[in-house]
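This briefing walks through a few local features of one structure, grouped by topic. Please keep the sequence and the 3D view open while reading.

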Amino acid sequence: MRLEQKDKISSYRESLYNPEQAWLAELHESLIDQRRFMQLGVTEVRFLQFLVALYQPKLIVEFGTLIGYSALAMAQELNEDGRIITFESNPEHVAIAQKHFKKYPGGHKIMLMGGDAHQQLREIKWEQNVDMVFIDADKGGYPDYLNWAEENLKPGGLIVADNTLLFGAVLQDKKPDGVSMNSYKAMQEFNLRLADKTKYLAVMIPSDEGVTVAIKR
């Protein structure tokens, strides 16, 4: 498909299906301006909202809060008794996200956990099965997050992961420049594990960066 045609299709699709509430659009613009290489796209967030509205999870665990855009977007589609626990290691992002959760609708449904998620997951005692896991954090940590999800996600629960193409790196026979070996191997392992049909029913959505959705069997 020609690039021009692809751009037209993208613009048409977004004009139809991706209009955001004014405050959410403002938050996304702030994300693009400040962290343009880290933002989750509007289409991907809309897809997250679709899954939450369809599945109505009681508990979502998110790895990678950034400034709270995806968590707040998901919270809009949660029932009032739904909750999101989100982990963020960067202190600057934690401070910004906390302000956003206090300012914008749905923030009361979100609990932000600052610090090293890998360490905290080993220490926290989970008394409730998790319904949905969203992963958009350190790429080298994806297999570790999947290990945790396999233990704590209920059967029939959802795993959603962003950047599973790793900016195209997973398509290469060897690690390309600009991507760490740890991230390269970790994402290949993560994708292969989700492709295990005995454990998951999974599909990779053909977005630019790759979004994978899996149902735990």
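Which backbone nitrogen does the side chain of Glu-88 reach at 3.1 Å? The backbone nitrogen is that of Thr-65, and the surroundings of Glu-88 are taken up first below, followed by a ring cluster and a helix pair. This is a predicted model, in which local features need pLDDT of at least 70 and side-chain atom pairs count only at pLDDT 80 or more, while totals for chains, interfaces and linings use all residues. Residues are numbered from 1 along each chain as its sequence is written, and side-chain values use heavy atoms, with hydrogens and water left out.

**Glu-88 and its surroundings**

- Glu-88 lies in strand β2 (residues 83-88), where strands are DSSP runs of E with at least two residues and helices are runs of H or I with at least four, numbered from the N terminus.
- Glu-88 is buried, with a relative accessible area of 9%; buried means under 20% relative accessible area, exposed over 50% and partly exposed in between, for a 1.4 Å probe and protein chains only.
- Besides Thr-65, the side chain of Glu-88 reaches the backbone nitrogen of Leu-66, at 2.8 Å.
- Not counting residues up to four places away in sequence, Glu-88 touches nine-listed neighbours including Gly-64, His-93, Val-94 and Leu-112, where contact means heavy atoms within 4.5 Å.

**Aromatic rings**

- The structure holds four aromatic pairs, counted when the ring centres of Phe, Tyr and Trp (its six-membered ring) lie within 6.5 Å, with planes under 30 degrees apart called stacked, over 60 edge-to-face and the rest tilted.
- Phe-63 and Tyr-145 form a stacked pair, 4.3 Å centre to centre with 15° between the planes.
- Because Phe-63 lies in strand β1 (residues 59-63) and Tyr-145 in helix α7 (residues 142-152), this pair ties together parts that are 82 residues apart in sequence.
- The rings of Phe-63 and Trp-148 have centres 5.7 Å apart and planes at 85°, so this pair is edge-to-face.
- Phe-63 and Tyr-145 are both buried, and Trp-148 is buried as well.
- Ring pairs link Phe-63, Phe-87, Tyr-145 and Trp-148 into a cluster.

**Helices α3 and α4**

- Helix α3 (residues 42-55) and helix α4 (residues 69-76) pack at about 35°, with their axes 8 Å apart; axes are lines fitted to C-alpha atoms over the stretch in contact, and angles run from 0 to 180 degrees between N-to-C directions.
- Residues making the contact include Val-45 and Leu-48 of α3 and Ala-73 and Met-74 of α4.
- Helix α4 is mostly covered, as seven of its eight residues are buried.

Terms used
A polar contact is a pair of N or O atoms within 3.5 Å; within protein, one must be able to donate a hydrogen and the other to accept it, and residues adjacent in sequence count only if both atoms are side-chain atoms.
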